[in-house]
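User: I have a protein chain to go through with you. Let us take it question by question, from overall fold to single residues.

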Amino acid sequence: MRPDGTRAKNLSAIVQAIPHIMPKRYDAQNWSSEQVDDDILRTYIREKRKEDKTVTRMSILAAAYYKAVLENPQLNRFVMNRKIYDRNHFCFSFVILKTRADGTPDETTLKVFLRPEDTIFTISEKMKKMIAENQVSSHDNNTDKFANFAFSIPGLARLVFALAYCLDQWGLLPRKIIDLSPFHTSLFITNLASINTPTIHHHCYEFGTTSVFICMGRPARKGNGDNGKHMPISVVMDERIATGVEYSRFFAAFLRYLRNPAVLEERLDGIGEKEEESCLVEA
């Protein structure tokens, strides 16, 4: 048993065979592009701002994705050493820009862990807190400190990452290292809209357990006489973790929540909604 997951059970023979046919994540990558109605997102963000609640496009996307995953848990799987695992937690990684003391731009990667009881507001607060802490030029998070240590001695980085790769292959990488690694994540998000850049299809890393990578691109005019905007998102996914039908159901739910972000204000596991429906039935 790995510290971050358990072997997936009740898989069909063909699903179990696919990681042997395509042992590398870059062999199994599929690409997809979607257009999200940016007018809906901007209107929702403005409405919440009037209520003194801060949400962003990325927090909406993360909340919608997680709610869809709770309904379609296959999307929280990963493949390691030709075996399919159910992840025992959910997290997403993303990159932020910060400025060094000398004024030059720099990047750092953050990872946010989510729980079924989270809402769009708690997710936004988690992100806001982590970004505030890590945008300080003098601050290095634990991931940065580990990387700085690895590169502090010539040749050490190659040894450290080779060892980590081997330990990960055999399920022996310690949970503390997994929690530090942005590449061991349910979802990796990059927000190219924040630097006014079009969307790209970003590869899933072979190192780690990233199964889905989503890129948010610069909003663009819808065209055809419509002055509104859409936000393009590009998705790269590991096809080995779920069947086409399971992916289809997941993306239908994911896009539905992006069209109606207000549903993300309640617990994402829907327990509150279920209890309310139960009370109505009993009444």
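User: How many helices and strands are in the protein chain?

Analyst: This is a predicted model. Helices and strands are both present in the protein chain. The count is nine helices and 10 strands.

User: What radius of gyration does the protein chain have, and what would a compact globule have?

Analyst: The chain has 283 residues, so the globule rule gives a radius of gyration near 19 Å. The value for the protein chain agrees with that. Along the principal axes, the C-alpha atoms fill a box of roughly 60 × 55 × 40 Å. The radius of gyration of the chain is 20 Å.

User: What percentage of the residues in the protein chain are buried?

Analyst: Buried means under 20% relative accessible area. The exposed surface of the protein chain is about 14,800 Å², and carbon and sulfur atoms supply 55% of it. Of the 283 residues, the buried share is 45%.

User: What share of the contacts with a separation of 6 or more comes from residues 24 or more positions apart?

Analyst: Take the contacts in the protein chain with a separation of 6 or more. Residues 24 or more positions apart account for this much of them: 70%.

User: How far apart are the mean positions of the positive and negative charges?

Analyst: The protein chain carries 38 positive and 35 negative charges. Take the mean position of each set. The two means are apart by 4 Å.

User: What should helix α4 span, and what is the distance between its end C-alpha atoms?

Analyst: Helix α4 covers residues 120-134, which is 15 residues. At 1.5 Å a residue, it should therefore span 21 Å. The end C-alpha atoms agree, being apart by 21 Å.

User: Which residues of α4 are buried?

Analyst: An α-helix has 3.6 residues a turn, so residues three or four places apart point the same way. In α4, the buried residues are I120, F121, I123, S124, M127 and N134.

User: Which residues of α6 are buried, and which residue just after α6 has a positive phi?

Analyst: Helix α6 runs over residues 156-169, and its 14 residues should span 20 Å, which agrees with its end C-alpha atoms. Its buried residues are L156, A157, V160, A164, D168 and Q169. Just after α6, phi is positive at about 75° in G171.

User: Is L97 buried, partly exposed or exposed?

Analyst: L97 is found in strand β5, residues 90-99. Beyond its neighbours within four places in sequence, L97 is in contact with D106, E107, Q135 and I195. Its relative accessible area is 45%, so L97 is partly exposed.

User: Where is H202, and is it buried or exposed?

Analyst: H202 lies in the loop between β7 and β8. Not counting residues up to four places away in sequence, H202 touches F213 and V236. The relative accessible area of H202 is 18%, so H202 is buried.

User: Which residues does Y205 contact, leaving aside its neighbours within four places in sequence?

Analyst: Y205 is placed in the loop between β7 (187-191) and β8 (212-216). Y205 and Y65 are 140 residues apart in sequence and 20 Å apart in space, C-alpha to C-alpha. The contacts of Y205 are R25, F183, F188, T210 and F213.

User: N81 and N196 have positive phi. Is each one buried or exposed?

Analyst: N81, in the loop between β3 and β4, has a phi of about 55°. N196 lies in the loop between β7 and β8, with phi near 55°. At 19% relative accessibility, N81 counts as buried. At 52%, N196 counts as exposed.

Methods:
Residues are numbered from 1 along each chain as its sequence is written. This is a predicted model: local features need pLDDT of at least 70, side-chain atom pairs count only at pLDDT 80 or more; totals for chains, interfaces and linings use all residues. Side-chain values use heavy atoms; hydrogens and water are left out. Helices (H or I, at least four residues) and strands (E, at least two) are DSSP runs, numbered from the N terminus. The expected span of a helix is 1.5 Å times one less than its number of residues. Buried means under 20% relative accessible area, exposed over 50%, partly exposed in between (1.4 Å probe, protein chains only). The radius of gyration is taken over C-alpha atoms; the globule rule is 2.2 Å times the number of residues to the power 0.38. Contact means heavy atoms within 4.5 Å. Accessible areas come from the Shrake-Rupley method with a 1.4 Å probe; for residues, only the protein chains shown count as cover. Lys and Arg count as positive and Asp and Glu as negative; His and the chain ends are not counted. The place of a charge is taken as NZ of Lys, CZ of Arg, CG of Asp or CD of Glu.
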